[in-house]
Amino acid sequence: SRGCKLIGSGSAIPALQVSNDDLAKIVDTNDEWITVRTGIRNRRVLSGKDSLTNLASEAARKALEMAQVDANDVDMVLMCTSTPEDLFGSAPQISKALGCKKNPLSYDITAACSGFVLGLVSAACHIRGGGFNNILVIGADSLSRYVDWTDRGTCILFGDAAGAVVVQSCDAEEDGLFAFDLHSDGDGQRHLKAAIKEDEVDKALGHNGSIRDFPPRRSSYSCIQMNGKEVFRFACRSVPQSIESALGKAGLNGSNIDWLLLHQANQRIIDAVATRLEVPQERIISNLANYGNTSAASIPLALDEAVRSGNVKPGHVIATAGFGAGLTWGSAIIRW
Ligand code: ACO
C-alpha cells in the first residue's frame, strides 16, 4: 500500500504591515488590550494591486523549490481558502501561474481556519487511493476583505497570508500522516459567519418567488460576525479532544510529539490547549504575534517558518489542528 509524506514548505505575506497602534487610530482599542487578550502585535494586509492568487502562487513556488519538484510533475493543486478571488474557485489560476503544463486537477477547499488540515487529509486520500503522486496543498486567505473595520471585536484579530506544502507518494513504511480527526457543527455557525446578505430591497417589497420577482438581484456577503467568547470556548473544548483522538488512533500521546502546531487564532487558546495536552511551552509553535489570525494560511505559514529556522527537523512528529467557522475543526498527526 502507498503512503504519503511532506517534502517541502513555502509561505508568502503581503508587504503592508499594520500594528496594534495603527488599529488604535481607526477603532477604540489599544496595544495593551490586544496584546494581553490575543498575543497579536502585527498583521499583514493585502493592498493595492496585491492578489491572494499571486501570494498563494509565491508560497507554492517556494514549497516546490524546497521539495525539488518541478511544476510539471505536480498532478494536483488544492487551494484551501474561504476568500477566493473567483467565486468559481482559484486553484486553476494558481496552476497556471506556476506553469503546470499538464493541466493538473486543481480545486478549492472551503473550510475556513480548518481548511489546511482538511487539505492535507484530502491530499493523503488522493495519493493513497487515487494514484496521485505530487500534490500541492495551499492554505491562503484574505479575511481583511471581509472584516468590518469599524468593529473592534473582530478587526484586531485577522491578517492575510499564504502557505503551502508538497505532499508526495511514498512507500507505506515512510508514511508521514499517522492519523487524523475531522468534524463540523453547523449549529455553531451562528457564532461565526460571513453569510450571504439577505436582500433588504426584496424583503421590503415582500417578494415571494413569483415571476414578478425575476430576475434576482446580485448577491454579496456580509462582514465577519463573531461571538468571540463562544468561539473561544468551542476551541478550548473541541481542539484538545480532537488531538487526543488523533493521537490515540496513532498510538501516541502528548509526550510523544515534538511540536504542537495549532491554527494561530489567539495565544490564550494555544496555551489552554497545550496545558490540557500537557505539552510544555518550548514545544509550541507560535508566530501569531507577527501575523494575527490568517485563517487557512496560519498552519502552513507557521510550519514553513519553523522548518526554515531549523526548529522543525526531518523526522519530527507534529500534532496540528485547525478550528474555526462552519463550525469546523480537525487535527492531524504528521511527520516532517
Ligand atoms: N479593544 C479594547 N476593548 C475591547 C476590544 C478591543 N479591540 N474588543 C472588545 N473590547 C472590550 C469589550 O467591549 C468588553 O468591554 P466591556 O467589559 O465593557 O463589555 C471587554 O473588552 C471584554 O470583551 P470580551 O469580548 O469579553 O473579551 P474576551 O476576553 O472574550 O476577548 C476575543 C475577545 C479576543 C475576541 C476572544 O474572545 C477571542 O479570541 N475569541 C476567539 C475568537 C477567534 O479565535 N475567532 C476566530 C476563529 S477562526 C475563523 O474561522 C475565522
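Let's begin at the ligand: the shell around it has 11 nonpolar, 8 polar and 3 charged residues. Before going further, keep in mind that this is a predicted model.

**Stop 1: around the ligand**

Select Thr29, Cys113, Gly228, Ala265 and Gly324, which come nearest among the 22 residues around the ligand. Then colour α2 (31-38), α6 (152-155) and α8, the elements that give two or more residues to this shell. Keep α8 highlighted, since we will meet this helix again.

**Stop 2: the whole chain**

Zoom out to take in the protein chain, with its 11 helices and 13 strands. Taken along the principal axes, its C-alpha atoms fill a box of roughly 65 × 50 × 35 Å. How does the radius of gyration of the protein chain fit with that of a compact globule? For 336 residues such a globule would have a value near 20 Å, and the chain has 20 Å, so the two agree.

**Stop 3: the sheet of 5 strands**

Now show β1, β7, β6, β4 and β5, which in that order make up an open sheet with mixed pairing. At its edges you will find β1 (2-12) and β5 (105-109), each pairing on one side only. Ignoring direction, neighbouring strands here are turned by 20 degrees against each other on average.

For a closer look at one pair, select β4 (residues 76-80) together with β5: they run parallel and share 5 bridges. Click on Val77 and look across to Ser106, its bridge partner in β5.

Next, bring in helix α3 (residues 52-67), which packs on this sheet and touches β1, β4, β6 (134-142) and β7 (160-171). The direction of α3 makes about 125 degrees with that of β1. Add α5 as well: this helix lies across β1, β4, β5, β6 and β7, running at about 165 degrees to β6.

**Stop 4: the sheet of 4 strands**

Leave α5 on screen and turn to the open sheet of 4 strands, ordered β8-β13-β12-β11, again with mixed pairing. Why is one side of β8 (177-184) and of β11 (259-262) left without a neighbour in the sheet? Both stand at the edges with a single partner strand each, so the other side stays unpaired. From one strand to the next, the twist averages 10 degrees.

In this sheet, pick out β12 (residues 317-324) and β13 (residues 328-335), an antiparallel pair joined over 8 bridges. Phe323 makes a handy landmark, standing opposite Trp329 in β13.

Two helices are worth adding here. Helix α8 (residues 228-249) packs on the sheet, where it touches β8, β11, β12 and β13, and its direction makes about 35 degrees with that of β13. Helix α5 (residues 115-130) lies across β8, β12 and β13, at about 55 degrees to β13. Having α5 on display thus pays off twice: this helix lies across strands of the sheet of 5 and across strands of the sheet of 4.

**Stop 5: α8 against α9**

To finish, hide the strands and select α8 with helix α9 (residues 267-277). Their axes are 9 Å apart and the helices pack at an angle of about 35 degrees, in a right-handed crossing. Show side chains on the α8 side for Phe232, Ala235, Cys236, Val239, Pro240 and Ile243, and on the α9 side for Ile269, Ala272, Val273, Arg276 and Leu277, which together make the contact. By class, this contact has 10 nonpolar, no polar and 1 charged residues.

Terms used: Residues are numbered from 1 along each chain as its sequence is written. This is a predicted model: local features need pLDDT of at least 70, side-chain atom pairs count only at pLDDT 80 or more; totals for chains, interfaces and linings use all residues. Two strands pair if DSSP finds at least two bridges between them. Axes are lines fitted to C-alpha atoms, for helices over the stretch in contact, and angles run from 0 to 180 degrees between N-to-C directions. Two residues are in contact if their C-beta atoms, placed from the backbone, lie within 7 Å. A residue is near a molecule or strand if its C-beta atom, placed from the backbone, lies within 6 Å of it. Ala, Val, Leu, Ile, Met, Phe, Trp, Tyr, Cys and Pro count as nonpolar, Asp, Glu, Lys and Arg as charged, and the others, Gly among them, as polar. A crossing is left-handed if the near helix is turned anticlockwise from the far one by less than a right angle, and right-handed if clockwise. The radius of gyration is taken over C-alpha atoms; the globule rule is 2.2 Å times the number of residues to the power 0.38.
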